[in-house]
Amino acid sequence: MSNWTPIITLEEIPQLGSRVITTDTMNVAVFRTAKDEVFALRDACPHKGGPLSQGIVHGTSVTCPLHNWKIDLASGEALGPDEGCANVFPTKVEDGMVFLGLNDQSADVA
Ligand code: FES
């Protein structure tokens, strides 16, 4: 079961960009698309751990800055010929505040 944790306002995330949230155990990249959809992935590419938060967002995917793998923001799956999956976390936006759904394994936001 998820615990909804308020983490950041929508306005603090640049459109087509991201902000990094630090939890006890990992960095989570929170992305905002051109349509103000919000997605959260572990900030580690399934290829070699590149910082997805520094990638370029297009549509609902992000291109890893290291070797250009394209990662689907909703599923965390690599697109095209590449295979791998980044951890994804549920998000919701209420009254301009972004909430992250953390489960027991992902611990608390620092
Ligand atoms: S580490 Fe992301 S594509 Fe290689």
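I began with Gly 17 and looked for the residue across from it, and found that Gly 17 stands opposite Arg 32 in strand 3. I note at once that this is a predicted model, and I read every entry below with that in mind.

Next I followed the pairing around Gly 17: strand 2 (17-22) runs antiparallel to strand 3 (residues 27-32), and six bridges join the two. Ser 18 also has a bridge partner in strand 3, namely Phe 31. I then looked at the connection, and saw that strand 2 and strand 3 form a hairpin with four residues between them.

From Phe 31 I moved across to the neighbouring strand, where Phe 31 stands opposite Phe 39 in strand 4. Strand 3 and strand 4 pair in the antiparallel sense over five bridges, and their hairpin has five residues between the strands, with Asp 36 taking a positive phi near 65°.

I wrote down the whole sheet: four strands in the order 2-3-4-8, open, with antiparallel pairing. Strand 2 and strand 8 (88-89) stand at the edges with a single partner strand each, so one side of each is left without a neighbour in the sheet. I also checked burial in strand 3, where five of the six residues are buried, so this strand is largely enclosed by the rest of the structure.

I turned to the other sheet, which is open, has three strands in the order 1-10-9, and again shows antiparallel pairing. Its edges are strand 1 (3-9) and strand 9, each of which has a single partner strand, so one side of each lacks a neighbour in the sheet. The twist averages 30° from one strand to the next.

For the pairs within this sheet, I recorded six bridges between strand 1 and strand 10, antiparallel, with Asn 3 opposite Leu 102 in strand 10. Strand 9 (residues 91-94) and strand 10 (residues 97-102) pair over four bridges, also in the antiparallel sense, and Lys 92 has Phe 99 in strand 10 as its bridge partner. The hairpin of strand 9 and strand 10 has two residues between the strands, and in this hairpin Asp 95 takes a positive phi near 50°.

Last, I asked myself whether Lys 48 is buried or exposed. Lys 48 has 11 other C-beta atoms within 10 Å, and because a residue counts as exposed at 12 or fewer, Lys 48 is exposed. Lys 48 lies in the loop between strand 4 (38-42) and strand 5 (56-58). I also looked up its separation from Leu 66, 18 residues apart along the chain, and found 8.6 Å between the C-alpha atoms of Lys 48 and Leu 66.

Notes
Residues numbered from 1 in each chain as written. Predicted model: local features only at pLDDT ≥ 70, side-chain atom pairs only at ≥ 80, totals over all residues. Pairing = 2+ DSSP bridges. Buried ≥ 20, exposed ≤ 12 C-beta atoms within 10 Å, placed from the backbone. Axes fitted to C-alpha atoms, helices over the stretch in contact; angles between N-to-C directions.
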